[in-house]
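User: I'm new to this one and would like a close look at a single part. Could you take me through the salt bridges and what surrounds them?

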Amino acid sequence: MAALVVLASVTRARADDATLNGLLRRADAVAHEVARVRGLPLKHPVPNDVVGRDELRARLLADLAKDKSAAELAAEGFASERWGLIPPGTDYQGLLVDLLTEQIAGYYDSDTKKLTISRSAGDDKAWAEMVLAHELDHALQDQAYDLHRFEDLPDDEGDASLARHALVEGDGIALMLEVVAARAGDSINWADSKIPAMIEKGMSTPGPGTDKIDRAPLAIRDSLIFPYRAGLGFVAALRHHQPWRAVDAAYARPPRSTEQVLHPEKYLADEAPVPVALAAPAALPGFALSHATVWGELGFDLWLRSPGVADASAAQAMIAAHAEIETLAVADQKAIDALRKAGGASALLVPVPLQRDDVH
């Protein structure tokens with residue numbers, strides 16, 4: 001999906017179209033400013049517009065349908081339900097679109113090459129300019145590195161996909177903050193760990209206009225915030241006394257797992273994840289593969305912290321795991337419906353828990 005700004009902790013005032021339209025008329029000037037701070041060339045102007053909530057929701061639905069078929073979304077929701085990440089009966093697609101519609105302040109679409117600002121960005125000029133700078137950074141990333149190709153991984157490579165998206169969004173957050181600092185005649189000392197820690201904490205703090213995401217299932221909420229919060233920490237680690245070239249290099253050698261994002265020293269040491277391949281157990285006749293993906297540190301962390309799934313004592317044994325996760329279901333749809341009504345579990349964790357030293 002398009003690169004988005006989802007900063008739940010920022011207070012947003014009521015939308016002012018005159019402010020937003022005036023800002024977009026300055027988009028070319030801001031783009032050159034962003035290019036100067038970020039050190040990436042602006043190869044051509046970036047088209048832009050402002051949309052209201054209804055139009056935003058319609059575009060999100062269209063983008064979601066473009067990225068994944070209805071069957072793929074249903075399988076993803078089914079797997080999330082069976083693993084206990086969302087409550088039974090959750091409208092998974094509706095939940096995602098509702099959350100994004102509430103939280104998105106702007107987005108850049110790497111397919112259309114167009115930047116869109118939501119009216120929810122409000123009439124706070126400073127906040128709206130931060131959103132614009134963030135999205136223009138995504139446009140520069142796209143012009144330099146082709147974001148569509150960069151983030152186009154197989155659907156079953158969920159952990160690697162999240163890791164790459166964290167680089168993209170962390171880049172955007174760090175750039176946004178550097179633009180603000182530069183305008184004040186200041187700079188950011190990324191070697192000071194308190195700076196990204198303070199900003200990451202702010203992203204996790206509930207605020208006005210965040211009702212839906214505050215009430216969302218933990219796994220959904222934290223996976224949406226992860227690219228921004230952890231991505232900033234990752235980029236900040238790369239920027240320790242280093243210019244933006246250190247971040248540019250990560251697009252040539254992107255992080256391969258959420259563990260590398262959460263622990264940048266593992267990325268810098270090129271400590272690669274160990275792949276674990278699975279096959280449906282032969283002892284389960286009548287079952288078929290419903291959904292497959294890869295969980296890394298983030299996936300196992302979200303699963304272990306989800307209500308009623310596992311106690312904290314299991315976390316340390318599995319938190320560094322990096323394994324393919326398969327969700328099996330009775331192949332016949334009527335049987336699936338009957339299984340759901342009966343409360344039967346169709347999700348299986350295979351293989352058995354691995355030793356911490358065996359996987360990364």
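Analyst: Here is a walk through the salt bridges, followed by a helix, a hairpin and the confidence of the model.

First, some ground rules. This is a predicted model, in which local features need pLDDT of at least 70, side-chain atom pairs count only at pLDDT 80 or more, and totals for chains, interfaces and linings use all residues. Residues are numbered from 1 along each chain as its sequence is written, and side-chain values use heavy atoms, with hydrogens and water left out.

Side chains of opposite charge can pair when their charged atoms come close. The structure holds 25 salt bridges (a side-chain nitrogen of Lys or Arg within 4 Å of a carboxyl oxygen of Asp or Glu).

Let's start at Arg-183. Its salt bridge with Glu-33 has the closest N and O atoms 2.7 Å apart. Arg-183 sits in helix α8 (residues 158-183) and Glu-33 in helix α2 (residues 27-38), so this pair ties together parts that are 150 residues apart in sequence. Helices here are DSSP runs of H or I with at least four residues, strands are runs of E with at least two, and both are numbered from the N terminus.

How covered are the two partners? Arg-183 is partly exposed, at 41% relative accessible area, while Glu-33 counts as buried at 14%. Buried means under 20% relative accessible area, exposed means over 50%, and partly exposed is in between (1.4 Å probe, protein chains only).

Arg-183 also meets the side chain of Glu-129 in a salt bridge, at 2.3 Å from N to O. That pair links distant parts of the chain too: Glu-129 is in helix α6 (residues 125-145) and Arg-183 in helix α8, 54 residues apart. Glu-129 is buried, with a relative accessible area of 7%.

Now for a pair inside one helix. Arg-305 and Asp-301 form a salt bridge with their closest N and O atoms 3.0 Å apart. Both lie in helix α15, four residues apart, or about one turn of the helix. Arg-305 is partly exposed at 38%, and so is Asp-301 at 22%. Back with the earlier group, salt bridges that share partners join Arg-26, Glu-33, Glu-129 and Arg-183 into one network.

As for helix α15 (residues 297-305), seven of its nine residues are buried, so the helix is largely enclosed by the rest of the structure. Among those buried residues are Leu-298, Phe-300 and Trp-303.

Next comes the hairpin. Strand β3 (residues 104-109) is mostly covered, with six of its six residues buried. Four bridges join β3 to strand β4 (residues 114-118), and the two run antiparallel. Gly-106 stands opposite Ile-117 in β4. The hairpin has four residues between the strands, and Lys-113 takes a positive phi near 65°.

Finally, confidence. The protein chain averages a pLDDT of 80, and 75% of the residues score at least 70 (pLDDT is the predictor's confidence in each residue, from 0 to 100). Confidence is highest in helix α12 (residues 245-252), at a mean of 97, and lowest in helix α17 (residues 333-342), at 49. Over residues 342-360, pLDDT stays under 50.

Terms used: Contact = heavy atoms within 4.5 Å. Pairing = 2+ DSSP bridges.
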